[in-house]
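Work through the exercises below with the sequence and the model open side by side. Each task is followed by a worked solution.

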Amino acid sequence: MHSYPAPAMALVARMVEAAEAEPARAVAFQGAPGCNSHRAALEFDPACLPLPCFAFEDALDAVKEGRAARAIIPIENSQHGRVADIHFLLPESGLSIIGEHFMGIHHALMGLKGPDGAVGPVVAAYSHPQALGQSRHFLRQRGIVPMSYADTAGAAAFVAEQGDVSAAAIAPRLAAELYGLDVVEDNVEDSPDNTTRFVVLAQEPLDPFVLQGEQAMTTFVFEVLNIPAALYKALGGFATNGVNMTKLESYQQGASFAATTFFADIEGAPGDPRIDRALQELAFHCKYVRPLGTYKQARKRG
């Protein structure tokens, strides 16, 4: 809590107090009040009590410790790819994915007015690395130096705290309202269809049986055996059983670079014979397969 800039502290304290009173309604998110994850929590469950956490690990810990029933975490962006480190954090957390949420991302450039009543000229813009990447062309065209910060709304609070009229933030418009900044320009993201996928996590997984009749997604990680064509063989069961794999990403575990872990999404739920057969065949060719959750599909793939 004490890692936030001063303008955010009072808001954080009030939100933490409300979440502590009703943890069953609390949804933990990473960032300062006003960030995109805050917006996503309210879109996913308008009746929730958003609980701001400084880091992704803090948001996951809030659920593990019972201070929040759920956490909502950005996992990938249509323009800038996967969120750094999240593929490591999810399996390590021990939590289960119980839902997903897609949200259009629109950034604003915001800052403080100078003595002349105008904002700028802006020399540097602070924001989360994902937001800076999503606004890369906008910043480059205007000669604005991108400056990394822990989250978008936190960057807005930081700019308000510093009082430097040559510095700006890239954040949701809500952050400008919360921290007394003026919006210089709206929709500074480079792509108008910029979208982030969030996953919702809880201590206990959903029972796939409750998803019968629903379009479902199943997420898991696996490590194939270190033999030739292991990945090809491991994935063959999804093709032969007609299971659509919508995501397959690799990442390295440790410094040896000898073992590759894969993060995957498939359409369907365990209990469906096709899914069960495909996962059994996958396991035969793997050192391990670790399920991360089965949940209702929020958006039709393909």
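**Exercise 1.** Among contacts between residues at least 6 apart in sequence, find what share joins residues at least 24 apart, and state how the overall dimensions of the chain agree with a compact globule.

Solution.
1. The model is a predicted one. In its protein chain, 74% of the contacts between residues at least 6 apart in sequence join residues at least 24 apart.
2. For 302 residues, a compact globule would have a radius of gyration near 19 Å; the chain has 21 Å, which agrees.
3. Along the principal axes, the C-alpha atoms fill a box of roughly 70 × 45 × 35 Å.
4. Of the 302 residues, 52% count as buried.
5. The accessible surface is about 13,600 Å², and carbon and sulfur atoms hold 54% of it.
6. The secondary structure of the chain consists of 10 helices and 15 strands.

**Exercise 2.** Determine in which order the 4 strands of the open sheet are arranged, and identify its edge strands.

Solution.
1. The order is β13-β14-β12-β15, with antiparallel pairing.
2. β13 (245-252) and β15 (286-296) each pair on one side only, so they are the edge strands.
3. Direction ignored, neighbouring strands of this sheet are turned by 15 degrees against each other on average.
4. Take the pair at the β13 edge: β13 and β14 (residues 260-267) are joined over 7 bridges in the antiparallel sense.
5. Within this part of the sheet, S250 stands opposite F262 in β14.

**Exercise 3.** Which strands does α4 lie across, and which does α10 touch?

Solution.
1. α4 lies across β12 (216-224), β13, β14 and β15.
2. Relative to β13, α4 runs at about 95 degrees.
3. α10 (residues 273-284) packs on the sheet as well, where it touches β12, β14 and β15.
4. The direction of α10 makes about 150 degrees with that of β15.

**Exercise 4.** Place S93 in the secondary structure, decide whether S93 is buried or exposed, and list its surroundings.

Solution.
1. S93 lies in helix α4, which covers residues 86-93. This is the helix that lies across the four strands named in Exercise 3.
2. Buried means under 20% relative accessible area. S93 has 7% relative accessibility, and therefore counts as buried.
3. Leaving out residues up to four places away in sequence, S93 touches L60 and K64.
4. A polar atom of the S93 side chain lies 3.1 Å from the backbone nitrogen of L95. The cut-off for a polar contact is 3.5 Å.

Key. Residues numbered from 1 in each chain as written. Predicted model: local features only at pLDDT ≥ 70, side-chain atom pairs only at ≥ 80, totals over all residues. Heavy atoms only, no water. Helix = DSSP H or I, 4+ residues; strand = E, 2+ residues; numbered from the N terminus. Buried < 20%, exposed > 50% of the residue type's maximum accessible area, 1.4 Å probe, protein only. Polar contact = N/O pair within 3.5 Å; in protein donor to acceptor, adjacent residues only side chain to side chain. Contact = heavy atoms within 4.5 Å. Pairing = 2+ DSSP bridges. Axes fitted to C-alpha atoms, helices over the stretch in contact; angles between N-to-C directions. Rg over C-alpha atoms; globule rule 2.2 N^0.38 Å. Areas by Shrake-Rupley, 256 points an atom, 1.4 Å probe, with all protein chains shown as cover.
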